[in-house]
Amino acid sequence: MAAKKLQAPRGTFDVLPEDGQRRRELLRRTGSVLGRYGYRPFETPVFEDTDLFARGVGESTDIVRKEMFTFEDRGGRSLTLRPEGTAGVARAYVEHGMHKLPQPVKVWYAGPFFRHERAQAGRYRQFSQIGVEALGSDDPSVDAECILLLSELLEAAGVHEVQLKLASLGSLDARAAYLDKLRGYLRDNESRLSEDVASRIDANPLRAFDADHEGTKEVMAGAPRLLDSLSGEDADHFAEVRTLLDDAGVSYDVDPTLVRGLDYYTRTVFEFASAKLGAQSGVGGGGRYDGLVGQLGGPETPGVGWAAGVERILLASEGNLGGFPAPVFVAIADGGTRREAFRLVTALREAGVRAEVEQAGRSLKGQLKHADRLSAKAVAIVGDGGLEWKDMKTGEQRQVSNVLEAVRIAVGVDA
Ligand code: HAM
């Protein structure tokens, strides 16, 4: 009996070579944009103590309640595959005493994240994020810079026509006062709310803004809005972020109902959405989290950042992320040897030319067809009659005296 074929687990996917190429190119462009803004690469482990996410992301969030991949290691410690990156970066900032470095500390990361969500197009159980965090400054220019950065990155990735939603949740104190007011309003209307929302009035009243339930939506249409009660420094901070974005020519919609799925946010929150993505329209989002580092046992330290989904960027991208230049293909004709061909392909690669060589025993005709499939710009043929160079664009074929001359043609010195 034939052995049973295995499949990748639900909600995960294999990155096939063509997509791999687009992902690489996206990361290359990301590194270049982020470097210009002074962000440096940073890595934290793929799993952390479960406690970090419970405390950092928030016990009442969907992520912590329902979506974490949590397991015990052999020593009985509870570990969790990271569902997001900010808590890990904040933990590392405290652990390495990074508050002693010049502030703000600006870092970026890219890698796999895990959430046990219902899988569908654009929503996976293992996905990749690119993210940035700037810790140690509450200056509104860091918020604006962050947003500008994501906007520029999306543009560089070929994601056009995005909508930027922007709001402010106020400082921790203002937010606490507002949440009390909102809880009171929700309790007064409890009978019209969905069971889920009603059960979370104490723990997470903001989620009510996010509900699909009709009765809840009606109640929320009349709910007090945090943005309306922003005052003092919070209002000034938000106004300044908006002025800086206006100056930079970034367009946005102020959305008082914008709710993020993580508990650590204070003041600025934002989200970029693309209509090309359908139901999972969020390409990237983030905000300020001035209480998080303190909450994890570090010195009170403001922070702001965002993360964007690599798969969603690629789904929404209309740009050419193909990347690779057209190769030279080294073909072996009658009388030509593997050794000669290998020497030539090696010399071409050493000279910085992308080159491939016949490795499947095809006839010369088959090799030329294969070169065409690779979109080769030229084919170098080693055979009886020495070395020939065929330009695939013009079809012109000529004799070449040796490897050095072939390399010179390939790099364009002799063109
Ligand atoms: P988030 O909004 O939960 O924020 O995720 C950021 C982005 O990750 C989303 O906009 C989406 O593109 C992508 N994403 C999230 N879940 C999935 C999924 N299941 N499948 C595919 N893509 C997904 C955060 O994670 C925060 N840590 C962002 C942040 C950084 N805030 C401050 N600093």
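## Helix 13 and its cover

Let's start with what sits over helix 13: strand 12 (328-332) and strand 14 are among the elements that cover its buried residues. This is a predicted model, so everything here describes a prediction. Which residues of helix 13 are buried? In this helix, which spans residues 364-373, they are Gln367, His370 and Ala371. Looking down the helix axis, you find these buried residues within an arc of 105°, so they line one face of the helix. There's a simple bit of geometry behind patterns like this: an α-helix has 3.6 residues a turn, so residues three or four places apart point the same way.

Now turn to the other side of helix 13, where Lys365, Lys369, Asp372 and Arg373 are exposed. Just past the end of helix 13 comes Ser375, with a positive phi of about 55°.

## Strands 14, 15 and 16

Follow the chain on and you get to strand 14 (residues 378-383), which runs antiparallel to strand 15 (residues 386-391), with six bridges joining the two. A hairpin links strand 14 to strand 15, using two residues to do it. If you want a pair to look for on screen, try Ala378, which stands opposite Asp391 in strand 15.

Strand 15 also pairs with strand 16 (residues 397-400), again in the antiparallel sense, over four bridges. Here Lys390 stands opposite Gln397 of strand 16. Strand 15 and strand 16 make a hairpin too, with five residues between them, and Gly395 in that turn has a positive phi of about 85°.

## A pocket by these strands

The second largest pocket has a volume of about 230 Å³. Which residues come closest to its centre? Of the eleven that line the pocket, they are Ala378, Trp389, Asp391, Arg398 and Ile409. You've already met Ala378 and Asp391 as opposite numbers in strands 14 and 15. As for whole elements, strand 15, strand 16 and helix 14 (403-411) each give at least two residues to the lining of this pocket.

## Two domains

Time to zoom out. The domain assignment splits the protein into domain 1 (17-170 + 230-316) and domain 2 (328-410). How many Å separate the centres of domain 1 and domain 2? Taken over C-alpha atoms, those centres are 47 Å apart.

## The eight-stranded sheet

Another thing to trace is an open sheet of eight strands, in the order 1-5-6-11-10-9-7-8, with mixed pairing. Its edge strands are strand 1 (40-41) and strand 8 (253-254), each of which pairs on one side only. At the strand 1 end, two bridges join strand 1 to strand 5 (residues 105-114), and these two run parallel. Within that pairing, Arg40 has Val107 of strand 5 as its bridge partner.

Strand 9 (residues 266-274) is worth a pause: nine of its nine residues are buried, so strand 9 is largely enclosed by the rest of the structure. On one side, strand 9 runs antiparallel to strand 7 (residues 162-168), and seven bridges join them. Strand 10 (residues 282-288) is another antiparallel partner of strand 9, this time over six bridges. Glu271 of strand 9 ties into both pairings: Glu271 is the bridge partner of Lys165, and Glu271 has Gly285 in strand 10 as a bridge partner as well.

## A closed-off space

How many cavities of 30 Å³ or more are there? The count comes to one. The largest cavity holds about 200 Å³ of space. Of the 22 residues lining it, Leu169, Leu206, Leu258, Val259 and Arg260 are the closest to its centre. Strand 7, which you just saw bridged to strand 9, and helix 6 (172-188) each supply at least two residues of that lining.

## A glycine in a loop

One last stop is Gly298, which you'll find in the loop between helix 10 (292-295) and strand 11 (303-309). Is Gly298 buried or exposed? With a relative accessibility of 16%, under the 20% cut-off, Gly298 counts as buried. Setting aside its neighbours within four places in sequence, Gly298 is in contact with Val94 and Val293. As for Glu67, 231 residues away from Gly298 along the chain, the C-alpha atoms of these two residues are separated by 27 Å.

Notes. Residues numbered from 1 in each chain as written. Predicted model: local features only at pLDDT ≥ 70, side-chain atom pairs only at ≥ 80, totals over all residues. Heavy atoms only, no water. Buried < 20%, exposed > 50% of the residue type's maximum accessible area, 1.4 Å probe, protein only. Pairing = 2+ DSSP bridges. Domains from an automatic or database assignment. Arc of directions from axis to C-beta. Contact = heavy atoms within 4.5 Å. 1 Å grid on protein atoms, 1.4 Å probe; cavity = no way out; pocket = protein on both sides within 12 Å on 5 of 7 lines; lining within 4 Å. Points joined across faces, edges and corners; volume = space filled by probe spheres on them.
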